[in-house]
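Please open the model in your viewer and keep the sequence beside it, so that each selection can be followed in both. The tour below moves from one selection to the next and says what is found at each stop.

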Amino acid sequence: MTDLYAVIGNPIAHSKSPLIHAEFARQTDQDLRYETRLVPLDGFVAAVAAFRAQAGRGMNVTVPFKVAAFEHVATRLTDRAAAAQAVNTLKLERDEILGDNTDGAGLVRDLETNLGFSLAGKRILLMGAGGAARGVMLPLLEKNPHSVTITNRNADKAQALQQQFSRHGKIVAGSYADVADQPFDLVINATSASLADALPPLSPSVFAAAAFAYDMVYQRGQTPFLRFAQQHGAARCADGIGMLVEQAAESFYLWRGVRPDTAPVIALLQAG
Ligand code: NDP
């Protein structure tokens with residue numbers, strides 16, 4: 001019988017997950033169907049229960065339900081989902097619902113494997129302190145960078161993240177003014193500013209020689225942050241398409257036990 005999966009969110013029409021998972025299934029010969037589920041803001045928990053009753057095997061969870069999936073749905077959590085306090089992948093089993101968070105693993109795999117940028121010993125600047133930033137903290141720190149500096153418009157949220165993860169590595173937190181004029185090897189934009197065609201108030205001097213600039217947002221054409229980075233000395237730039245495909249591959253692996261080849265799927269999305 002064909003196994004059923006879905007991505008659940010609101011909005012959901014823009015999601016590239018059905019295309020990505022269809023490609024993974026075709027490539028690995030897995031008999032599965034992957035759909036979208038648009039649910040009202042107060043209907044998430046009921047929608048997961050209904051999907052499970054339909055014999056659904058797994059779900060990707062996206063905006064704005066990742067915290068609700070963590071708090072109200074998962075009956076068991078992976079370490080990285082517990083650290084992120086957010087769930088983007090549910091594995092629906094007979095006796096339990098496993099909650100995982102594959103965003104950070106997706107980012108790290110894109111940086112290290114696809115883009116050839118080793119994180120060990122690097123000075124990392126992470127802009128943003130929302131769900132995406134929280135989700136990538138543990139996987140980044142596990143790669144033994146020199147330090148992770150978190151900056152956010154609301155600096156209190158950056159401080160809270162620092163406190164939450166301080167036992168895992170060297171973490172500094174502050175406002176955009178606090179981090180101005182320090183050089184970083186990797187600057188990650190984990191804010192949603194690019195979606196509004198905006199740029200965080202970042203100093204142009206944060207890019208060390210050979211710095212890498214990474215925007216988690218992906219869009220047609222360059223994001224405002226990547227344009228800014230290129231103008232101010234970043235040697236390499238990448239958007240979040242690779243992270244998107246890699247986090248999907250990590251979910252697919254959790255569900256099916258098979259690791260798909262991500263390179264052709266990234267190329268497909270970049271071409272489209
Ligand atoms: P949240 O809403 O949880 O957090 C948004 C963050 O962006 C906050 O830190 C907020 O700062 C900051 N922000 C928003 N606008 C601006 C601005 N104009 N200037 C400076 N900071 C700003 O969102 P998420 O953390 O869930 O997601 C962040 C982005 O990452 C999204 O755009 C999402 O699409 C992308 N993403 C990409 C993934 C991928 O696979 N490529 C996976 C997950 C996320 P403040 O706290 O001060 O309001």
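Begin by selecting β5 and β6, which form a hairpin with four residues between them; as you look, bear in mind that this is a predicted model. Strand β5 covers residues 89-92, and four bridges join this strand to β6, the two running antiparallel. Across this pairing, Leu-92 stands opposite Ile-97 in β6.

Keep β6 (residues 97-100) selected and turn it so that its two sides can be viewed separately. In a regular strand the side chains alternate between the two faces of the sheet. Both faces of β6 are covered, with Ile-97 and Gly-99 buried on one side and Leu-98 and Asp-100 buried on the other. Now add strand β4, residues 76-77, which pairs with β6 in the parallel sense over two bridges. In this pairing, Arg-76 has Leu-98 of β6 as its bridge partner.

Next, follow the chain out of β6 to Thr-102, which is placed in the loop between β6 and α5. Is Thr-102 buried or exposed? Its relative accessibility is 0%, and therefore Thr-102 counts as buried. If you display its surroundings and set aside the neighbours within four places in sequence, you will find Thr-102 in contact with Arg-80, Asn-88, Thr-89, Gln-247, Glu-250 and Ser-251.

The loop leads to helix α5, so named for residues 103-114, which has 12 residues and reaches 15 Å from its first C-alpha to its last, close to the 16 Å expected at 1.5 Å a residue. Colour its buried residues, which are Asp-103, Gly-104, Ala-105, Gly-106, Leu-107, Val-108, Asp-110 and Leu-111. To view what covers these residues, select elements including α3 (66-73), α4 (79-84), α6 (131-141), β10 (184-189), β11 (207-215) and α10 (241-256). After α5 comes Gly-116, a residue whose phi is positive, near 70°.

Now turn to the open sheet, in which six strands lie in the order β9-β8-β7-β10-β11-β12 with parallel pairing. At its edges are β9 (171-174) and β12 (236-238), each of which pairs on one side only. From one strand to the next, the twist averages 15°. Within this sheet, select β10 and β11, which run parallel and are joined by five bridges; one pair to pick out is Asn-189 with its bridge partner in β11, Asp-215.

Against this background, select helix α9, residues 224-231, whose buried residues are Pro-224, Phe-225, Leu-226, Phe-228 and Ala-229. What covers these buried residues includes β7 (123-127), β10, β11 and β12. The helix is followed by Gly-233, which has a positive phi, near 105°.

The last stop is the largest pocket, which holds about 1400 Å³ of space. Which residues that line the largest pocket are the closest to its centre? Of the 44 lining residues, these are Val-63, Lys-66, Ala-132, Ser-192 and Leu-195. Two or more residues of the lining are given by each of β3 (58-61), α3, α6 and α10. Finish with α10 selected, since the largest share of the lining, three residues, comes from this helix.

Notes: Residues are numbered from 1 along each chain as its sequence is written. This is a predicted model: local features need pLDDT of at least 70, side-chain atom pairs count only at pLDDT 80 or more; totals for chains, interfaces and linings use all residues. Side-chain values use heavy atoms; hydrogens and water are left out. The expected span of a helix is 1.5 Å times one less than its number of residues. Buried means under 20% relative accessible area, exposed over 50%, partly exposed in between (1.4 Å probe, protein chains only). Contact means heavy atoms within 4.5 Å. Two strands pair if DSSP finds at least two bridges between them. Axes are lines fitted to C-alpha atoms, for helices over the stretch in contact, and angles run from 0 to 180 degrees between N-to-C directions. On a 1 Å grid over the protein atoms alone, a cavity is a set of points where a 1.4 Å probe fits but cannot get out, and a pocket is an open set with protein on both sides within 12 Å along at least five of seven lines; lining residues have an atom within 4 Å of a point. Grid points are joined across faces, edges and corners, and a volume is the space filled by probe spheres set on the points.
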